[in-house]
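Please read the following report with the sequence and the structure side by side. It goes through side-chain contacts, ring pairs, helix packing and a few single residues.

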Amino acid sequence: MVGKRKLGDLEVSALGLGCMGMSQVYGPADDTESIGVVHRSIELGVNFLDTADVYGEGHNEELVGRAIADRRDQVVLATKFGIRQVIGGGVVEVDGSPEYVRAAVDRSLGRLGVDTIDLYYLHRRDPNVPIEDTVGAMAELVTAGKVRHLGLSEVSGETLRAAHATHPIAALQSEYSLFNRDLENTSLPVARELGIGVVPFSPVGRGLLTGDLDTFRNLPADDFRRGLPQFSGENLERNIALAERVIGVAKTLGVTPVQVALAWLLAQDAHIAPIPGTKRVKYLEENVGAAAVSLTPDQLAEIDSAVPAGAVSGDRYTPAGMAAVNR
């Protein structure tokens, strides 16, 4: 129902399923309900599942592993390594050493209950380890049959190029949405040049492009988004005003704001496969509806006019968090 996209030589569904929220960050979750979401996603043709070893300190990989135990051959399984822990204030402790690569993959394989990972990402680059060394160790995992394809997350164009020269990189995962388009001026041109697919996470602006604006005006004190510059003070009010423009465009098109945001991303390139996250079937089905939204050039221009590149207020992360990206 959602079509296919190519990430390098890897074919995936045009929309994936980000599983992080099933284990952390976006409030309480229910494992049984989350497994139901994974099963429904497969029924709808969304076979590209994304997790990471750091999500829920391993819980998310275990959850995804349980969900696909009897349908492994129906999914393209992606996970990430390299973040040992998030210390606080956005600071991340990373490790890209070859020794850590080898140990991390075995732990992930065990939690997922699989013999092979389809797409294995470096979650954040370790600035103290040459990228050639990290990717070289990841390439050994391909030779050993533990991994099929390699990816990088939130790296610079220079790093992406050096990594790809060491071993073919199938996918670059980074935050990319109508709200956050910095990728267009950093690593996206390199990815296109090298034939590397792009996997946008947070494709609906961490929820702000869902249209549920009252939630953001009343975020709970423990909601992690309160600590992000884009969701704080005057920045939040300016960004809510941008979201209201998207709501207006969606009404004229007869679709939801989420579907506008996802359809816009899908229209940017034939090798882009967003991974909206959800832990509810109804939102999953809304996301899938975006694949049927075909935007005309005039409609794309209208959307770009409503939310121009660079219009969002505030950085994606705190200064400490920003220091860990685009390395």
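The side chain of S108 makes a polar contact with the side chain of E61, at 2.8 Å. A polar contact here is a pair of N or O atoms within 3.5 Å; within protein, one must be able to donate a hydrogen and the other to accept it, and residues adjacent in sequence count only if both atoms are side-chain atoms. The model is predicted, and local features need pLDDT of at least 70, side-chain atom pairs count only at pLDDT 80 or more, and totals for chains, interfaces and linings use all residues. Residues are numbered from 1 along each chain as its sequence is written, and side-chain values use heavy atoms, with hydrogens and water left out.

S108 lies in helix α3. Helices (H or I, at least four residues) and strands (E, at least two) are DSSP runs, numbered from the N terminus. With a relative accessible area of 0%, S108 is buried. Buried means under 20% relative accessible area, exposed over 50%, and partly exposed in between (1.4 Å probe, protein chains only). If neighbours within four places in sequence are left aside, S108 is in contact with D53, E61, T79, I117 and Y120. Contact means heavy atoms within 4.5 Å.

**Two helices side by side**

How does α3 pack against α4? Helix α3 (residues 98-112) and helix α4 (residues 131-143) meet at an angle of about 35°, and their axes are 8 Å apart. The axes are lines fitted to C-alpha atoms, for helices over the stretch in contact, and angles run from 0 to 180 degrees between N-to-C directions. The crossing of α3 past α4 is right-handed. A crossing is right-handed if the near helix is turned clockwise from the far one by less than a right angle, and left-handed if anticlockwise.

On the α3 side, the contact is made by P98, V101, R102 and V105. On the α4 side, D133, T134, A137, M138, E140 and L141 take part. An α-helix has 3.6 residues a turn, so residues three or four places apart point the same way. The residues of this contact of α3 with α4 divide into six nonpolar, one polar and three charged. In this count Ala, Val, Leu, Ile, Met, Phe, Trp, Tyr, Cys and Pro are nonpolar, Asp, Glu, Lys and Arg are charged, and the others, Gly among them, are polar.

**Aromatic pairs**

Rings of Phe, Tyr and Trp (its six-membered ring) pair if their centres lie within 6.5 Å; planes under 30 degrees apart count as stacked, over 60 as edge-to-face and the rest as tilted. By this rule there are three aromatic pairs. One of them joins Y176 and W264: the ring centres are 6.0 Å apart and the planes are at 70°, so the pair is edge-to-face. Y176 lies in the loop between β10 (171-175) and α6 (188-194), and W264 in helix α9 (residues 257-266), so the pair ties together parts that are 88 residues apart in sequence. Y176 is buried at 1% relative accessibility, and W264 is buried at 0%.

Another pair, F216 with F231, is stacked, with 5.6 Å from centre to centre and 25° between the planes. F216 is in helix α7 (residues 213-217) and F231 in the loop between α7 and α8 (233-253), so this pair ties together parts that are 15 residues apart in sequence. Both F216 and F231 are buried.

**Covered helices**

How many residues of α9 are buried? Of its 10 residues, 10 are buried, and the helix is mostly covered. The cover over the buried residues of α9 includes β1 (4-7), β11 (197-201), α8, α10 and α11 (297-306). In helix α10 (residues 281-289), L284, E286, N287 and V288 are buried. Their cover includes β3 (16-18), α1 (31-43) and α9.

G289 also lies in α10. It is partly exposed, with a relative accessible area of 25%. G289 and L262 are 27 residues apart in sequence and 9.4 Å apart in space, C-alpha to C-alpha.

**Residues with positive phi**

The table lists two residues that have a positive phi although neither is a glycine.

| Residue | Phi | Place | Relative accessible area |
|---|---|---|---|
| E154 | about 55° | loop between β9 (147-153) and α5 (157-166) | 4%, buried |
| N326 | about 60° | segment after α12 | 39%, partly exposed |
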